[in-house]
Amino acid sequence: MANAASGMAVDDECKLRFLELKARRTHRFIIYKIDEKKKMVVVEKVGEPVLNYDDFAATLPANECRYAIFDYDFVTEENCQKSKIFFIAWSPDTARVRSKMIYASSKERFKRELDGIQVELQATDSAEVGLDVIQGRAN
């Protein structure tokens, strides 16, 4: 696959939805997938602002890789309301090897398209992307 070394193309909607999340807070999360036929990263699902972390975690497929953005709201020890934008590279152990390779080789190029990511996580199972992990990395 010629694009594997440099990564996939990125659909404009990916950047648009990310900007909406970052600037206007119109989404709680965004799930991205690689469309192998089109050879590009596309938006698969957008979560409404009223949804929570459990709703987000439930959308990650058990056997397929995905990229995800999650806007995490929290209150600091000083009682200040804050938010952090997480980039999550979801690559479950049960995913196809080819899929894991494509997602791994495309990750950096895709992240460069999304200006404003504050925390990055790599997860292979639900424990590595649990709410406790998110809370720990947010502080």
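1. Helices and strands here are DSSP runs, at least four residues (H or I) for a helix and at least two (E) for a strand, numbered from the N terminus. The model is predicted. With that naming, strand β2 and helix α3 each supply at least two residues of the lining of the largest pocket.

2. The largest pocket has a volume of about 210 Å³. Its lining consists of 13 residues, and those nearest the centre are Ile34, Glu36, Glu64, Arg66 and Ser99. Sorted by class, the lining of the largest pocket holds 6 charged, 5 nonpolar and 2 polar residues.

3. Helix α3 (residues 97-113) also takes part in a right-handed β-α-β unit, together with β5 and β6. Strand β5 covers residues 81-90, and its pairing with β6 is parallel, over 5 bridges. Within that pairing, Ile88 has Leu121 of β6 as its bridge partner.

4. Which residues of β6 point to the buried face? In this strand (residues 119-123), Val119, Leu121 and Ala123 point to one face and are buried, whereas Glu120 and Gln122 point to the other and are not. The general background is that side chains in a regular strand alternate between the two faces of the sheet. Leu121 thus appears twice in this note: as a buried residue of β6 and as the bridge partner of Ile88.

5. The count of aromatic pairs is 12. One of them joins Tyr32 and Phe110, which meet edge-to-face at 4.9 Å centre to centre, with 75° between the planes. Because Tyr32 belongs to strand β2 (residues 29-35) and Phe110 to helix α3, this contact ties together parts that are 78 residues apart in sequence. Both Tyr32 and Phe110 are buried.

6. A further edge-to-face pair is formed by Tyr53 and Phe70, at 5.1 Å centre to centre and 90° between the planes. Tyr53 is in helix α2 (residues 53-59) and Phe70 is in strand β4 (residues 66-75), so here the parts tied together are 17 residues apart in sequence. Both rings' residues fall under the 20% limit for buried: the relative accessible area is 7% for Tyr53 and 2% for Phe70.

7. Tyr53 and Phe70 also belong to one aromatic cluster, in which the other members are Phe29, Phe56, Tyr72, Phe74 and Phe86.

8. Two residues deserve a look for their backbone angles. Most residues other than glycine have a negative phi. Lys39, which is not a glycine, has a positive phi near 55°. Its place is the loop between β2 and β3 (40-47), and at a relative accessible area of 35% Lys39 is partly exposed.

9. Asn79 likewise is not a glycine and has a positive phi, about 65°. This residue is in the loop between β4 and β5. Is Asn79 buried or exposed? Its relative accessibility is 64%, so Asn79 counts as exposed, the limit for that class being over 50%.

10. Glu113 belongs to helix α3. With a relative accessible area of 27%, Glu113 is partly exposed. Its C-alpha atom is separated by 18 Å from that of Lys84, and these two residues are 29 apart along the chain.

Key: Residues numbered from 1 in each chain as written. Predicted model: local features only at pLDDT ≥ 70, side-chain atom pairs only at ≥ 80, totals over all residues. Heavy atoms only, no water. Buried < 20%, exposed > 50% of the residue type's maximum accessible area, 1.4 Å probe, protein only. Pairing = 2+ DSSP bridges. Right-handed = clockwise from strand over helix to strand, strands pointing away. Phe/Tyr/Trp six-rings, centres within 6.5 Å; stacked < 30°, edge-to-face > 60°. 1 Å grid on protein atoms, 1.4 Å probe; cavity = no way out; pocket = protein on both sides within 12 Å on 5 of 7 lines; lining within 4 Å. Points joined across faces, edges and corners; volume = space filled by probe spheres on them. Nonpolar A, V, L, I, M, F, W, Y, C, P; charged D, E, K, R; others polar.
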